[in-house]
Amino acid sequence: MKESTLVIVKPDGLQKSLTGNILTRLAETKLIIIASKIAVVSRKLAEAHYCHLKDKPFFEELVKYLTGEYHTHRVMALVYYGEDAIQKVRKICGATNPEEAEPGTIRGSYGRITTKGVYENAIHASGAPEEAKREIELWFEPDEIVFENLYPTREVVLSQHKKRMWA
Ligand code: DAT
Ligand code: MG
């Protein structure tokens, strides 16, 4: 089944200049990239992204990690699309715990667990189609995605809308 998946190169990946290596690894999937951007992650976005983990003891550290408190305040977010996209990307990422990830995977190659117990695993990838939809809608506006009708949209007319333009 053709599907889309959200990938995030996390702040440790950017700080260690791993973006190129990670995208090269993901290119093995032959999936297409239909959106990408460098984003600054607010606390609100990090909490919403990991809302399903909010009761876990490591939640606070996880939010700090994703917002870049330990590295750089930037991430690279991408949407990959194609046949079995979710499973193909997850396989190359490797297990959640970088110490359990196969050595050849992205997390096995670049991840570590800090002394505080934070899994610095370099990359996020959606785990299931419903999760991918929720995450992609959280991270991207419809017009940032170069693919028509990926998910349903609606049109709204905004008056008094403030927008920054080039001077
Ligand atoms: P994944 O990122 O493989 O989808 P997840 O959704 O279960 O894994 O968890 C999200 C992130 O939370 C994960 O990338 C790292 C962190 N995490 C998960 N379990 C953890 C644990 N036991 N200790 C510390 N961090 C953990
Ligand atoms: Mg997950």
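How far is an oxygen atom of ligand 1 from an N or O atom in the side chain of arginine 107? I looked this up at the outset and noted 2.9 Å. I record here that the model is predicted.

**Entry: polar contacts of ligand 1**

I turned next to threonine 96, where an N or O atom of the side chain is 2.5 Å from an oxygen atom of ligand 1. For tyrosine 119 I noted a nitrogen atom of the ligand, 3.4 Å from an N or O atom in the side chain. I then looked up how much of ligand 1 is covered: on its own the ligand has 520 Å² of accessible area, and the protein covers 79% of this.

**Entry: surroundings of ligand 1**

I asked which pocket holds ligand 1, and found that the ligand sits in the second largest pocket. I listed the residues around the ligand, which include Lys10, Tyr50, His52, Leu53, Phe58 and Leu62. Arg90, Gly117 and Asn121 are also among them, as are Thr96, Arg107 and Tyr119. Sorting this shell by class, I recorded five nonpolar residues, four polar residues and three charged residues.

**Entry: cysteines**

I searched for disulfides and found zero in the structure. Why is cysteine 51 not bonded to cysteine 93? The sulfur of cysteine 93 is the closest cysteine sulfur to that of cysteine 51, yet the two are 20 Å apart, which is too far for a bond. A disulfide would require the sulfur atoms to lie within 2.5 Å. Cysteine 93 is accordingly in no disulfide.

I also looked up the accessibility of each cysteine. Is cysteine 93 buried or exposed? I noted cysteine 93 as buried, because its relative accessibility is 1%. Cysteine 51 has a relative accessibility of 34%, so I entered this residue as partly exposed.

Definitions and conventions: Residues are numbered from 1 along each chain as its sequence is written. Chains are lettered from A and ligands numbered from 1 in the order in which they are written. This is a predicted model: local features need pLDDT of at least 70, side-chain atom pairs count only at pLDDT 80 or more; totals for chains, interfaces and linings use all residues. Side-chain values use heavy atoms; hydrogens and water are left out. A residue is near a molecule or strand if one of its heavy atoms lies within 4 Å of it. A polar contact is a pair of N or O atoms within 3.5 Å; within protein, one must be able to donate a hydrogen and the other to accept it, and residues adjacent in sequence count only if both atoms are side-chain atoms. Accessible areas come from the Shrake-Rupley method with a 1.4 Å probe; for residues, only the protein chains shown count as cover. On a 1 Å grid over the protein atoms alone, a cavity is a set of points where a 1.4 Å probe fits but cannot get out, and a pocket is an open set with protein on both sides within 12 Å along at least five of seven lines; lining residues have an atom within 4 Å of a point. A molecule sits in a cavity or pocket if more than half of its atoms lie within 2 Å of its grid points. Ala, Val, Leu, Ile, Met, Phe, Trp, Tyr, Cys and Pro count as nonpolar, Asp, Glu, Lys and Arg as charged, and the others, Gly among them, as polar. Buried means under 20% relative accessible area, exposed over 50%, partly exposed in between (1.4 Å probe, protein chains only).
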